[in-house]
Amino acid sequence: QVQLVESGGGLVQPGGSLRLSCAASGSIFSINTMGWYRQAPGKERELVATITRDKTGTYADSAKGRFTISRENAKNTVYLQMNSLNPEDTAVYYCNAEILTVARAYVQLWGQGTLVTVSS
């Protein structure tokens, strides 16, 4: 069994910052790409940022210059530092990871989601 657990969401004022964390646990051999996605009310889930095992990050245009994705491979954890938040960033943020289990099976996992609300 493997799972992803996110934390760090909450209410923040426009212009503020939040840091999301996502930790993978279970029978993990290694983790390839990890990423963050978000789904705003009434909208489809969209990519925010991804990061490879060698820590190469890619970003959606909406995240460039404001968000930073990082990871700690030793802790099987990915982070999303979000700065200059605006109300359009309000969404449930989901962690995603491509995991190679100890049994040498690849699984694509999603976290349960963490709500980020940007409002004054």
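**Aromatic and polar contacts in the predicted model**

A search of the whole structure identifies one aromatic pair. This pair is formed by tyrosine 37 and tryptophan 110 in an edge-to-face arrangement, with a centre-to-centre distance of 5.0 Å and an angle of 70° between the planes. Distant parts of the chain are thereby linked, as tyrosine 37 belongs to strand β4 (residues 28-39) and tryptophan 110 to strand β10 (residues 106-110), the two residues being 73 residues apart. The structure analysed here is a predicted model.

Both members of the pair fall into the partly exposed class. For tyrosine 37, the relative accessible area is 22%, and because buried residues are those under 20%, tyrosine 37 is assigned as partly exposed. Tryptophan 110 has a relative accessibility of 37% and is likewise partly exposed.

Tryptophan 110 also takes part in a contact with a charged side chain: arginine 45 is positioned over the face of tryptophan 110, at 4.5 Å from the ring centre. A further arrangement of this kind involves phenylalanine 29, over whose face arginine 104 lies at 3.7 Å from the ring centre.

Threonine 114 is located in strand β11 (residues 114-118). With a relative accessible area of 10%, threonine 114 is classed as buried, because this value is under 20%. A polar atom of the threonine 114 side chain lies 3.2 Å from the backbone nitrogen of glycine 9. Not counting residues up to four places away in sequence, threonine 114 touches Glu6, Ser7, Gly8 and Gly9, together with Leu20, Ala91, Val92 and Tyr93.

Technical notes:
Residues numbered from 1 in each chain as written. Predicted model: local features only at pLDDT ≥ 70, side-chain atom pairs only at ≥ 80, totals over all residues. Heavy atoms only, no water. Phe/Tyr/Trp six-rings, centres within 6.5 Å; stacked < 30°, edge-to-face > 60°. Helix = DSSP H or I, 4+ residues; strand = E, 2+ residues; numbered from the N terminus. Buried < 20%, exposed > 50% of the residue type's maximum accessible area, 1.4 Å probe, protein only. Lys NZ or Arg CZ within 6 Å of the ring centre and 35° of its normal. Polar contact = N/O pair within 3.5 Å; in protein donor to acceptor, adjacent residues only side chain to side chain. Contact = heavy atoms within 4.5 Å.
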